[in-house]
Amino acid sequence: MIVRPFPRNFLDIYIIRVTKFLSSIKKLVMMVDVVRDIMTKEVITIDEDKTALEAARLMSEKGISSLIVIKNGMPKGILTERDFIKKICAKEVHISQAKIVNIMSKIRTFAEPDTLIEVAVQRMVNQKIRRLPIMQEGRVVGIVTVTDLARHLRTILLLEGALSNNA
């Protein structure tokens with residue numbers, strides 16, 4: 001067996017990087033982090049009787065890509081940028097006349113604050129969603145987004161030295 005002290009070609013470098021990445025992912029999954037540790041706690045809501053225009057202005061003002069839709073203080077759905085594209089833009093619906101209740105998406109799944117991150121990720125993958133509401137006693141207490149997951153992964157990679165702080 002020939003032991004090479006340094007990578008000799010692109011394939012060797014690629015294999016080393018993939019191995020480090022997979023090791024980091026494995027460690028991430030092995031950790032017992034829960035969604036409470038990474039969720040966005042400030043969840044912006046909007047009443048279902050508001051218009052899409054009001055929702056768009058609120059999302060723009062807050063710099064966010066989704067809103068939790070409520071009725072009488074209880075979550076009824078989620079309104080995302082994708083809903084605007086598919087249900088307003090693509091259908092040429094006038095934004096000031098569209099009611100949120102008619103364009104929002106149903107909350108298909110959620111997690112509780114103590115849900116393991118890998119369980120939450122699996123729910124998001126299974127449902128093909130990018131935002132997972134975090135609920136406790138029927139109330140939304142947070143949301144986990146793909147951005148939250150990317151930040152978490154970056155933190156782990158930084159701690160392991162697999163990523164530089166400048167990346």
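**Group meeting: salt bridges and helix packing**

Okay, let's start with Lys87, which is partly exposed, with a relative accessible area of 24%. Keep in mind that this is a predicted model. Lys87 has a partner, Asp83, and their side chains meet in a salt bridge at 3.2 Å, N to O. Both sit in helix 3, residues 81–89, four residues apart, so about one turn of the helix. Asp83 is buried, with a relative accessible area of 4%.

Stepping back for a second: the chain has six helices and five strands, and 34% of its 167 residues are buried. The structure holds four salt bridges.

Another one is in helix 6, where Arg151 pairs with Asp148, closest N and O atoms 3.3 Å apart. They're three residues apart, so again we're talking about one helical turn or so. Arg151 is exposed at 52% relative accessible area, while Asp148 counts as buried at 5%.

Now, Glu48 and Lys71. Their closest N and O atoms are 3.7 Å apart, and this pair links distant parts of the chain, 23 residues apart. Glu48 is in the loop between strand 1 and helix 2, and Lys71 is in strand 2. Glu48 counts as buried because its relative accessibility is 16%, under the 20% cut-off. Lys71, at 41%, counts as partly exposed.

On to packing. Helix 5 and helix 6 pack at about 140°, axes 12 Å apart. That makes helix 5 oblique to helix 6, and the crossing is left-handed.

Last thing, the surface: Tyr14, Ile15 and Val18 form a nonpolar patch with about 260 Å² of accessible area together. Val18 belongs to helix 1, residues 10–30.

Notes. Residues numbered from 1 in each chain as written. Predicted model: local features only at pLDDT ≥ 70, side-chain atom pairs only at ≥ 80, totals over all residues. Heavy atoms only, no water. Patch = residues over 30% accessible without salt bridge, like charges linked within 9 Å, V, L, I, M, F, W, Y side chains within 5 Å. Areas by Shrake-Rupley, 256 points an atom, 1.4 Å probe, with all protein chains shown as cover. Helix = DSSP H or I, 4+ residues; strand = E, 2+ residues; numbered from the N terminus. Axes fitted to C-alpha atoms, helices over the stretch in contact; angles between N-to-C directions. Parallel < 35°, antiparallel > 145°, perpendicular 65-115°, else oblique. Left-handed = near helix turned anticlockwise from the far one by under 90°. Buried < 20%, exposed > 50% of the residue type's maximum accessible area, 1.4 Å probe, protein only.
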